[in-house]
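Got your viewer open? Let's take a short tour, one selection at a time.

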2 protein chains.
Amino acid sequence: MDVFWSRGYHATALPDLLRATKLSRGSLYAAFGDKHSLFLRALDRYIADALTRMDVELDPRREPVDGLRAYLAGYVDRTSGANGRRGCLLVATAMELAGQDAEVGRRIASFFKAMEARVADALSRARTAGKLADGVEPSSAARILVCFVEGLRVVGKTAPTRTTSQATVEALLDRFIK
Amino acid sequence: MDVFWSRGYHATALPDLLRATKLSRGSLYAAFGDKHSLFLRALDRYIADALTRMDVELDPRREPVDGLRAYLAGYVDRTSGANGRRGCLLVATAMELAGQDAEVGRRIASFFKAMEARVADALSRARTAGKLADGVEPSSAARILVCFVEGLRVVGKTAPTRTTSQATVEALLDRFIK
DNA sequence: CGATTTAAAGACCAATTGGTCTATATATCA
DNA sequence: TGATATATAGACCAATTGGTCTTTAAATCG
């Protein structure tokens, strides 16, 4: 997963994968079939990790606003400095392959949908707790947040400082939270 | 430019470039040096186009809020349906190369800076015109908008409907404009 | 027109691509 | 131990990569 993550699909060659998996050529093909299948497995793992992380951060038993803060803080962490420069396998894959590769496209689309649903849910709970600013509607606010964090990952490629990202996130949250 | 745009750098092979430029192999190398230089030219053109478009949309002689609306409407257009699926050369390049290729990285970073400056400027003018919501600070709001529109391009890869994107953009603008 | 520059076509190159296969070594197990 | 299954290393493959070079055709210009 790591090697696809930091180089992208096309730029990752078989020798890279052999080094990363410490497998011989034969064993790798026996285990995974081909490069494309291996990539799909890596992508699936990346997605699963991201979703379970969100399930922890946005756990319904937590204070919803705290959850959203934790969720956004995670993005601040992953999009500033060296972490930011490394980028995001999902966004990179979306841009590189989602248009051409149907199997990839489906995964990307369903991930965004799942993410949006979780955020919308947290926002709903925040609203019933009276913590949402007036006029904020959970479902459209969730779409905004999803776009925003994915955009953070793009801009994060230029390795902004943590304080910058943090301030941006806080300014955004200020518009939605009471 | 078009062929890099719709396929990305690594996935674009010489034959694709020859077909797109209608040049012979020799002439192409005489004119541009190599694939990388040609790509840089394409990227520069893409960036120049984007910035002049913004200069029109956010023209200081226009009503700043109208300008921001036009700017965002352009993104709605480019990120929904087939346009969305096609993606954005800049975002794709940021994810594919910005981390590894210094020449590309500089261009990406300076583009985001330039875009943010233009948006911040428009927001400043909107504020002096009394059109900004209370507590909105132009510079951080500009960073938010930049992240948001770049995120739109990412999510746009899943080809959302125009109405969805439109509604999301309006909901966001509602939080910033009085 | 003929001479000269310019560009096209495509042969050619070494290196690399993803992928297969065989020979060898290493476990595993009776 | 000896037989068998498993995984390794790496030779090997055709196709493709980015890039060069030569030959031929098309403009250009006096």
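What turn and what shift lay chain A on chain B? Keep in mind that this is a predicted model. Color the two chains and try it: a turn of 180 degrees with a shift of 0.0 Å along the axis puts chain A on chain B with an RMSD of 0.0 Å. That is how a two-fold axis relates two copies. Both copies use the same surface, too: 100% of the contact residues of chain A recur in chain B.

To find the axis, select G151(A). Its C-alpha sits 1.8 Å from the rotation axis, the closest of any residue in chain A.

Next, bring up the contact between the chains. Chain A puts in 39 residues and chain B 40 residues. On the chain A side, select α6 (81–86), α7 (89–97), α8 (102–128), α9 (138–155) and α10 (162–174); each of them supplies at least two residues to the side that touches chain B. Linger on α9(A), which gives the most, with 13 residues. Now color that side of chain A by class: you should get 21 nonpolar, nine polar and nine charged residues.

Last stop: DNA strand D. Which residues come nearest to it? Select S27(A), then A13(B), G26(B), D34(B) and K35(B); these come nearest among the 13 residues around the strand. For the elements behind this surface, show α3 (25–32) of chain A plus α2 (14–21) and α3 (25–32) of chain B, which give two or more residues each. Color by class again, and the surface near DNA strand D shows five nonpolar, four polar and four charged residues.

How values were computed:
Residues numbered from 1 in each chain as written. Chains lettered and ligands numbered in written order. Predicted model: local features only at pLDDT ≥ 70, side-chain atom pairs only at ≥ 80, totals over all residues. Near = placed C-beta within 6 Å. Helix = DSSP H or I, 4+ residues; strand = E, 2+ residues; numbered from the N terminus. Nonpolar A, V, L, I, M, F, W, Y, C, P; charged D, E, K, R; others polar. Least-squares fit on C-alpha atoms with pLDDT ≥ 70 in both. Contact = placed C-beta atoms within 7 Å.
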